[in-house]
Every structure is written in structure tokens, then in C-alpha cells.
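Got the viewer open? Here is a short walk through the model, one selection at a time.

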Amino acid sequence: MEPLVRIRPPGPTAREILRRDAEVISPSLSRAYPLVIDRAAGVNLWDVDGNRYLDFTAGIAVMNVGWNHPEVVRAVQEQTERLSHTVFADFCSELPVRFAEELVKFLPAGLDTVYFGNSGAESVEAAMKLARYHTGRKYFLAFHRAFHGRTFGALTLTAGRTKQRKHFGPFLSAVHAPYPDPYRPLCRNSRASCDQDVLDYIEDVIFRTEVSPEEVAAIVVEPVLGEGGYVVPPRTFLKRLRSLCDEHGILLVDDEVQAGGYRTGKFLAAEHSGVTADIVCLAKPIGGGLPIGVTVSTGEIMDWPPGSHASTFGGNAISCAAGLAVLEIMRAPTFGAHVLAQGEHLVEGLERLRRVHEGIGDVRGLGLMAGMELVRKRETREPDAEMRDRIVRECFERGLALLPAGESAIRFSPPLVIEKDDIDAGLSILDGVLSRICGR
Ligand code: PLP
């Protein structure tokens, strides 16, 4: 394999494309650094000037089986020649049916009824509409720092940065509780019980002062906070939420758009807590790089009648063919164990860096969903977004693709097929950048 970056990016071809991009593309997109991708394979990306990068992003946790996996490519090529658009909302075809049948085999018993959309946000929209339809209730409860997408319903739940909501309201009816963050708990010195503090807050504050629980259709939760900073809550959190939902007849919606598809070592991150939600949202990795959104529930809950919800491209043949190839790869008996082993190796490596670099406040992770928090001083835990951004940018210039998450975290979400050598190579680049930027 050729060495990583040979000419300092962005090179001349990238700069020219970025100039054209600025002329014609909506300015609402924000990018951490000027990577202009040309091709990708496995855990490597190449830019348009021929630079190679080690990829610790998986295209925002999408390319879980690796970029351009030959089986996914073959499935897409074959299906494209046969049929691309199934018109599934109007005409039945076998492929989406088979994909749904195979997908539910990866899910807990009972989650056996599938709605196909086209994106993560659409899978959340469907979950919200279904929850309202089934319960006849209007309100949703979500969490601060959550990201569930940017369409109006999903954006009602998203509460990560005001920039994402500013001037777009009013939204639907929703209330937000703090997300249990062991590094920055709601009550001081309660790292282990920070989830119980949140549950108390919901019952003692939200349900007493903002909305009565019998008006809440669903609690929507990320089992591991994604865009909000790769925060792993205590394992008891989902169990406590499940009990709260059961007590009040509220549906539990598990947004696995980022954490699902074995990102955390299990097909659903909620499996680590032994919790089954009423509705599960899946997207990103399930289509192996093709657009897809999947909302799964029980037959009893998914009781909306014909005509109540559908989408032109839902169940798209190429996405389903890619999805079937993805599931076939994930079916390997060692797939989840590999993720857990590599994740442990990654987090141990990040933890070693934390011991020597003062600016790293916290390291956490579940499988290959790991986060590192940059702070001004360890004692105050004050976020250092500026330092985080410099680290991400310099890593890019040295051939390591990373993404920020939350206010001051870096997320590590490489393709799940990554091996230890590549993890070590990435950590070594990061170590060099940290030494330059935040000292030892
Ligand atoms: N839900 C979660 C947990 C996500 O991380 C995202 C996207 O990052 C979404 C929903 C929205 O997905 P999409 O961007 O495909 O609409």
C-alpha cells in the first residue's frame, strides 16, 4: 500500500472542485476539513489529488462492512441491470420482502414488521407518526444533545446545537431531558447513577411541570449518543427508560441509525442493556452506502392502515440488494466479536494517549463507537472545541480521516472490518498531532 498523503491537502484538483462547490452547492453543509474524495476501499480513502487516508469515519458510521466491499458492489451491479426502482409502494416485488425477512432475523423476537424509507431522518419520521397513530397521544420526549435528523419531525427531537434549529421552528410537541453523561453528570459526583438522576428529572420535573405522561406518545433515545459526542450511558439507562415507558403506556423508540448494524459489537446497541424497544430506527450502515431508512416494530403496534404512510423510493431495489449483501457479510459468526476486540484495542490505545496528553479529558467507547473529549483543563472539564478542531484538521493533513462530535469530542468510527495494524497506524498519527498541539 502506498504511503499516506504525498502532497499537502487540499491539492490543486481538490481546490478547484471546492471552488466550484462554493458556487453551486447549498451553503448549509458544514465540513470539518477540505477532503475531496475520489475513491475508497476497505479502510482507505483517496482524494482527487491521489492522497491516501486511513479512514476512522466510515462515512459517518455508514461503511460498516468496509468501503466498496466486493460483495456489495457485485450485488448493486447485478441488481442495477435487472431492476432499479421497484415502485414498492404500489407494486409488490420479492426483493424488499426478502430483505425485510432477513433483517428481522437480526432483531429481538417480536420486532417483525418493517417500513422502508430512504434515510435516518425518514425512519425517525415514520417512528413518530406511528407512535402518534398507535397511541393517539401528541407529545414526544427526547434528550438534550440528541441528533435524530433534520426534517421537521426529527428536528423536533434533535437538540444538539441551536444552530440546527434556529429560525426553523415552531416544531411538533416535544420536551427534552438531559442525556446521562458519566463524564459530565447532571448531579455532581454521580458518575455511576447519572442515569437514575435523569429518570428522576423526567418524573419529578418534566412529568410534573411540562407534560403529563399520559400525553406522551413515545420516548425517543439514542442508545449511545452519536452526533452529540459519542457518549456511552450507564448500561442501566435503557432498562430504566423501558420501565418508565411501561408504567405510563409510552412507546420506547430506539434510534439505532448510528449505533446499529454492529457498530457497538451487537447488531443493536440496545442489546448490551438487554432491552427491546417498541420501535427501532435503522439507516446508515444497513444500505452499505446506498440510501435507506428502516422503521421496525411489532405487528401489533404497526397498525396503521393502507395509504397512511408510504414513500416512492422506500424499498428501492438497489438499496435492498446492497442491504442483503451487507446482512450476508454481518451474518459471519465472528463479525460482532471482531468489532468488540478491535474496539477494546482502540479504546485502550486512546486511554494510553489520555494518560500522556493533558488536553484529553475523557475517553469512552462501546465496540467501534469511541469518543475522546478535549478540555482546557482536566479539573474544570471545560470543553475545548478549538483544540479539537485543530487536531481533526491536522490529522487530516497527515492522512487520518476523523470527524468531530458534540461540543468538543472526536469520534472514532472506522469501518468495522478494521484490523489492529490500521488502528495502531491511526493512533500513531493522532499521538504525533496531540504532541504538537496539546503537549505532553
Ligand atoms: N438518527 C441518528 C442517531 C443519527 O445519527 C442520524 C444522522 O446522523 C439521523 C438519525 C439522521 O439520519 P440521516 O442523516 O440519514 O437523515
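**Stop one: the ligand**

Start by selecting glutamate 227 and the ligand: a polar side-chain atom of glutamate 227 sits 3.4 Å from one of the ligand's oxygen atoms. Before going on, know that this is a predicted model, where local features need pLDDT of at least 70, side-chain atom pairs count only at pLDDT 80 or more, and totals for chains, interfaces and linings use all residues. Residues are numbered from 1 along each chain as its sequence is written, and side-chain values use heavy atoms, with hydrogens and water left out.

Now add aspartate 255, which puts a polar side-chain atom 2.7 Å from a nitrogen atom of the ligand. Then add lysine 284, where a polar side-chain atom is 3.1 Å from a ligand oxygen. A polar contact here is a pair of N or O atoms within 3.5 Å; within protein, one must be able to donate a hydrogen and the other to accept it, and residues adjacent in sequence count only if both atoms are side-chain atoms.

How much of the ligand does the protein bury? Taken alone, the ligand exposes 390 Å², and the protein buries 82% of that. (Accessible areas come from the Shrake-Rupley method with a 1.4 Å probe; for residues, only the protein chains shown count as cover.)

Next, show the whole shell: Ser119, Gly120, Ala121, Phe147, His148, Gly149, Glu222, Glu227, Asp255, Val257, Gln258 and Lys284 surround the ligand. A residue makes this list if one of its heavy atoms lies within 4 Å of the molecule. Colour them by class and you get three nonpolar, five polar and four charged residues. The classes are: Ala, Val, Leu, Ile, Met, Phe, Trp, Tyr, Cys and Pro nonpolar; Asp, Glu, Lys and Arg charged; the others, Gly among them, polar.

**Stop two: a four-stranded sheet**

Switch to cartoon and find the open sheet of four strands, ordered E1-E2-E3-E13 with mixed pairing. Its edges are strand E1 (37–41) and strand E13 (400–401), each pairing on one side only. Two strands pair if DSSP finds at least two bridges between them; strands (E, at least two residues) and helices (H or I, at least four) are DSSP runs, numbered from the N terminus.

Zoom in on E2 (residues 44–47) and E3 (residues 52–55), an antiparallel pair with three bridges. Asparagine 44 faces leucine 54 in E3. E2 and E3 make a hairpin with four residues between them, and in the turn glycine 50 has a positive phi of about 90°.

On the E13 side, E3 and E13 run parallel, joined by two bridges. Click aspartate 55 to find its bridge partner in E13, alanine 401. Then show the E3 side chains: Arg52 and Leu54 point one way, Tyr53 and Asp55 the other, and all are buried. Buried means under 20% relative accessible area, exposed over 50%, and partly exposed in between (1.4 Å probe, protein chains only).

**Stop three: salt bridges**

Side chains of opposite charge can pair when their charged atoms come close. How many salt bridges turn up in the whole structure? The search finds 25, each a side-chain nitrogen of Lys or Arg within 4 Å of a carboxyl oxygen of Asp or Glu.

Select glutamate 16 and arginine 19, whose side chains form a salt bridge at 2.8 Å, N to O. Both are in helix H1 (residues 12–24), and because they are three residues apart, about one helical turn separates them. Glutamate 16 is partly exposed at 37% relative accessibility, and arginine 19 is partly exposed at 45%.

Move to helix H4 (residues 94–104), where glutamate 94 and arginine 98 are four residues apart, about one turn. Their salt bridge has an N to O distance of 3.1 Å, and arginine 98 is partly exposed at 34% relative accessibility.

For a link between distant parts of the chain, pick glutamate 394 and arginine 436, with their closest N and O atoms 2.6 Å apart in a salt bridge. Glutamate 394 is in helix H12 (residues 385–397) and arginine 436 in helix H13 (residues 420–438), 42 residues apart. Glutamate 394 is buried, with a relative accessible area of 12%. Also select Glu102, Lys105, Glu328 and Arg331, which salt bridges with shared partners join into one network.

**Last stop: back in H12**

Stay in helix H12 for arginine 388, buried at 7% relative accessibility. Follow its side chain to the backbone oxygen of alanine 409, 2.8 Å away.
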